[in-house]
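Reader: I would love a close look at a single part of this structure and at what surrounds it. Could you walk me through one helix and its neighbours?

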Amino acid sequence: MAAALFNRHAEGRAFADSAGTTPANRVHPQVVEVMREIGIDISGVKPRLMTSELAVGATRVITMGCAEGECPVVNVPVEDWGLPDPAGQPLPAVRAIRDDIDHRVHALLSSLAP
């Protein structure tokens, strides 16, 4: 959700990519549904593993509750948002997570140099 929201709001001035420490086989249906509600289709997104190689070239890494030792070491600032996993959550909870991420994405973008 965060990468899709970031890329929508960044309007090409920056780009976010998404990966996780234990990626699922697919994006959870509830996540696809709540993103579709706001006009973002992530149904074709394939979750992938976060690696140090993937982080090369990143200027910042945002984690969503990365436990110590799970995330690869990167040489850029890391910020942990500590959000709950939407997997298996009811739609109202997933919407609340989406809206929290959206708020944080706006704050992150406003902190970036123009």
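Author: Happily; what follows is a tour of helix H4 and the elements that pack against it.

Please keep in mind that this is a predicted model. H4 covers residues 91–111, 21 residues in total. From its first C-alpha to its last the helix reaches 30 Å, close to the 30 Å expected at 1.5 Å a residue.

Let's start with the sides of this helix. The buried residues of H4 are Val94, Ile97, Arg98, Ile101, Val105, Leu108 and Leu109. These residues lie on the same side of H4, because the arc they cover around the axis is only 105 degrees. On the face turned away from that buried side you will find the exposed residues Pro92, His103 and Ser110.

And what covers the buried residues? The cover includes helix H1 (2–10), helix H2 (29–36) and strand S1 (61–63). The two helices deserve a visit each.

H1 packs on H4 at an angle of about 45 degrees, and their axes are 9 Å apart. That angle makes H1 oblique to H4. The crossing in which H1 passes H4 is right-handed. On the H1 side, Ala2, Leu5, Phe6, His9 and Ala10 make the contact, while H4 contributes Arg98, Ile101, Asp102, Val105, His106, Leu108 and Leu109.

Seen from H1 itself, the buried residues are Ala2, Ala3, Leu5, Phe6 and Ala10. Their arc of only 165 degrees around the axis puts them on the same side of H1. H2 and H4 are included in what covers them. Just after H1, glutamate 11 takes a positive phi of about 50 degrees.

On the way from H1 to H2, have a look at threonine 21, which sits in the loop between these two helices. Threonine 21 counts as partly exposed because its relative accessibility is 28%, between the 20% limit for buried and the 50% limit for exposed. Its C-alpha is separated by 5.6 Å from that of methionine 50, although the two residues are 29 residues apart along the chain.

Now to H2, where Val31, Val32, Val34 and Met35 are buried. The buried residues of H2 pack against both H1 and H4. With H4, the packing angle of H2 is about 60 degrees and the axes are 9 Å apart. This angle makes H2 oblique to H4, and H2 passes H4 in a right-handed crossing. Here Gln30, Val31, Glu33, Val34 and Met35 of H2 meet Leu91, Val94, Arg95 and Arg98 of H4. You may recognise Arg98: this residue is among those of H4 that touch H1, and it also appears in the contact with H2.

One residue of that contact makes a good last stop. Leucine 91 belongs to helix H4. At a relative accessible area of 24%, leucine 91 is partly exposed. Leaving aside neighbours within four places in sequence, leucine 91 is in contact with Gln30, Glu33 and Val34. Valine 45 lies 46 residues from leucine 91 in sequence, and in space the two are 19 Å apart, C-alpha to C-alpha.

To gather the picture: H4 has its buried residues on the same side, and the cover over them includes H1, H2 and strand S1. H1 is oblique to H4, as H2 is too.

Note on methods:
Residues are numbered from 1 along each chain as its sequence is written. This is a predicted model: local features need pLDDT of at least 70, side-chain atom pairs count only at pLDDT 80 or more; totals for chains, interfaces and linings use all residues. Side-chain values use heavy atoms; hydrogens and water are left out. Helices (H or I, at least four residues) and strands (E, at least two) are DSSP runs, numbered from the N terminus. The expected span of a helix is 1.5 Å times one less than its number of residues. Buried means under 20% relative accessible area, exposed over 50%, partly exposed in between (1.4 Å probe, protein chains only). The arc is that of the directions from the helix axis to the C-beta atoms. Contact means heavy atoms within 4.5 Å. Axes are lines fitted to C-alpha atoms, for helices over the stretch in contact, and angles run from 0 to 180 degrees between N-to-C directions. Angles under 35 degrees count as roughly parallel, over 145 as roughly antiparallel, 65 to 115 as roughly perpendicular and the rest as oblique. A crossing is left-handed if the near helix is turned anticlockwise from the far one by less than a right angle, and right-handed if clockwise.
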